[in-house]
Amino acid sequence: MRRQSVPATGVELIRLDGVTKRYGNGAAPAVADVDLAVHAGEAVAIMGPSGSGKSTLLNLIAAMDRPTTGTVQVGRDRVDKMNETAAAKYRRRQVGMIFQFFNLLDDMTVMDNILLPAQLAGGRSDAARQRADQLLDRLRLNHRRDAYPARLSGGERQRVAIARALINRPALLLADEPTGAVDTRAGEEIGALLLDLNSTGQTLILVTHNPELAARYASRVISVADGRIRSDSANPAGPTGAPGMGVQR
Ligand SMILES: Nc1ncnc2c1ncn2[C@@H]1O[C@H](COP(=O)(O)OP(=O)(O)OP(=O)(O)O)[C@@H](O)[C@H]1O
Ligand SMILES: [Mg+2]
């Protein structure tokens, strides 16, 4: 598998300028005039009430959706201008997404779900399998590798979604409520895994309703309401960028 290039820490990786997203005429914008810069290596938590535009913001950064107005830049790519083909390629190469609602493929096993992004990206399949084995171990899913998603618990599905997001070692990881469906212990494990990845240089944007999670796993906390950024502050109690010891990028 090709190794992804990770931008040097501190370089601006994501930049949104004047970004507004409206779904349909007349409705209040889901995202309203947002300016945002995220540097490579940051771990950013996005918090805010239901309906405040958090998932929409992630979708705009992931090129799952395009802004109504404004620009979205990720690395050298103008994400807001991409057509579907370019967007799919961009996501395969640079972005790992953990969706709020998993999006696993029900007719594929756990292992095949995890391997799918690696297959789409091309590259050596033995390397991808090795990486998948490592992730299955780390996420305590080994005994489930041949199961189908319908037979898994919510927490197991969430862990499969995480493994799938990490298989290509993306420079940018976007996680939408990654601990929403799991108990405290699994939530801790997921948090620790995200922290490990971030400490090896991966940029993390984490949407969460959980202030404790934000405080522990993010170096910066952004609050949104009604599609706007209401506050944006460094979190002194958050991760410091110490070397991680878990999954190697
Ligand atoms: N595909 C869509 N079509 C129409 N409206 C949408 C669509 N997606 C989101 N919206 C609307 O945009 C607003 C923001 O939604 P979004 O999903 O970004 O909120 P959120 O902050 O992620 O909420 P939650 O915490 O409940 O996940 C909401 O009013 C929602 O109804
Ligand atoms: Mg959401």
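User: In this predicted model, how many Å does helix α5 reach from its first C-alpha to its last?

Analyst: Let's start with what we would expect. Helix α5 covers residues 154-166, which is 13 residues. At 1.5 Å a residue the expected reach is 18 Å. The reach in this predicted model is close to that, at 19 Å.

User: Is α5 largely enclosed by the rest of the structure, or largely open?

Analyst: A residue counts as buried when its relative accessible area is under 20%. The buried residues of α5 include Gly 155, Val 160, Ile 162 and Leu 166, and also charged ones such as Glu 156 and Arg 159. Because 11 of the 13 residues of α5 are buried, the helix is largely enclosed.

User: Which elements cover the buried residues of α5?

Analyst: Nice follow-up! Both strands and helices take part. The cover includes the strands β6 (95-98) and β7 (172-176). Among the helices in the cover are α3 (110-121), α4 (125-138) and α6 (184-199).

User: What covers the buried residues of α3?

Analyst: First, find the residues that need covering. In α3 the buried ones are Val 110, Met 111, Asn 113, Ile 114, Leu 115, Pro 117 and Ala 118. Their cover includes two helices, α4 and α5.

User: Which helices do the buried residues of α4 pack against?

Analyst: Helix α4 has 14 residues, and its end C-alpha atoms are 20 Å apart, which agrees with the span it should have at 1.5 Å a residue. Its buried residues are Ala 127, Ala 128, Arg 131, Ala 132, Leu 135 and Leu 136. They pack against α3 and α5.

User: Which residue just after α4 takes a positive phi?

Analyst: Here is some background: most residues other than glycine have a negative phi. The residue we want lies in the loop between α4 and α5, and it is partly exposed, with a relative accessible area of 32%. Its phi is near 55°, a positive value in a residue other than glycine. The residue is Arg 140.

User: Where is Asp 33, whose phi is also positive?

Analyst: Phi of Asp 33 is near 50°, and Asp 33 is not a glycine. Asp 33 counts as partly exposed because its relative accessibility is 46%. Its place is in strand β2.

User: In what order do the strands of the open sheet come?

Analyst: The sheet has 4 strands, and their pairing is antiparallel. Its edge strands are β2 (31-39) and β5 (77-78), each of which pairs on one side only. Strands β1 (residues 12-21) and β4 (residues 69-74) pair over 5 bridges, and one bridge links Thr 20 to Thr 69 in β4. Reading across, the order is β2-β1-β4-β5.

User: Which residues of β3 point the other way from Ala 43, Ala 45 and Met 47?

Analyst: In a regular strand the side chains alternate between the two faces of the sheet. Strand β3 (residues 43-47) has 5 of its 5 residues buried, so it is largely enclosed by the rest of the structure. Ala 43, Ala 45 and Met 47 point one way. The residues pointing the other way are Val 44 and Ile 46.

User: Which residue in β9 is the bridge partner of Ile 46?

Analyst: Strand β3 runs parallel to β8 (residues 203-207), with 4 bridges joining them. It also runs parallel to β9, again with 4 bridges. Ile 46 stands opposite Val 207 in β8. In β9 its bridge partner is Ile 222.

User: About how many Å³ of space lies in the largest pocket?

Analyst: Let's look at the walls before the space. The pocket is lined by 16 residues, and Arg 91, Phe 99, Pro 117, Leu 120 and Arg 164 lie nearest its centre. The elements giving two or more residues to this lining are α2 (84-94), β6, α3 and α5. By class the lining has 10 nonpolar, 3 polar and 3 charged residues, and the space comes to about 450 Å³.

User: Which residues does Ser 219 touch, leaving out those up to four places away in sequence?

Analyst: Ser 219 is in the loop between α7 (211-217) and β9 (220-225), and at 23% relative accessibility it counts as partly exposed. Ser 219 and Pro 239 are 20 residues apart in sequence, while their C-alpha atoms are 5.7 Å apart in space. The residues touched are Glu 42, Ala 43, Ala 234, Asn 235 and Pro 239.

Terms used:
Residues are numbered from 1 along each chain as its sequence is written. Chains are lettered from A and ligands numbered from 1 in the order in which they are written. This is a predicted model: local features need pLDDT of at least 70, side-chain atom pairs count only at pLDDT 80 or more; totals for chains, interfaces and linings use all residues. Side-chain values use heavy atoms; hydrogens and water are left out. The expected span of a helix is 1.5 Å times one less than its number of residues. Buried means under 20% relative accessible area, exposed over 50%, partly exposed in between (1.4 Å probe, protein chains only). Contact means heavy atoms within 4.5 Å. On a 1 Å grid over the protein atoms alone, a cavity is a set of points where a 1.4 Å probe fits but cannot get out, and a pocket is an open set with protein on both sides within 12 Å along at least five of seven lines; lining residues have an atom within 4 Å of a point. Grid points are joined across faces, edges and corners, and a volume is the space filled by probe spheres set on the points. Two strands pair if DSSP finds at least two bridges between them.
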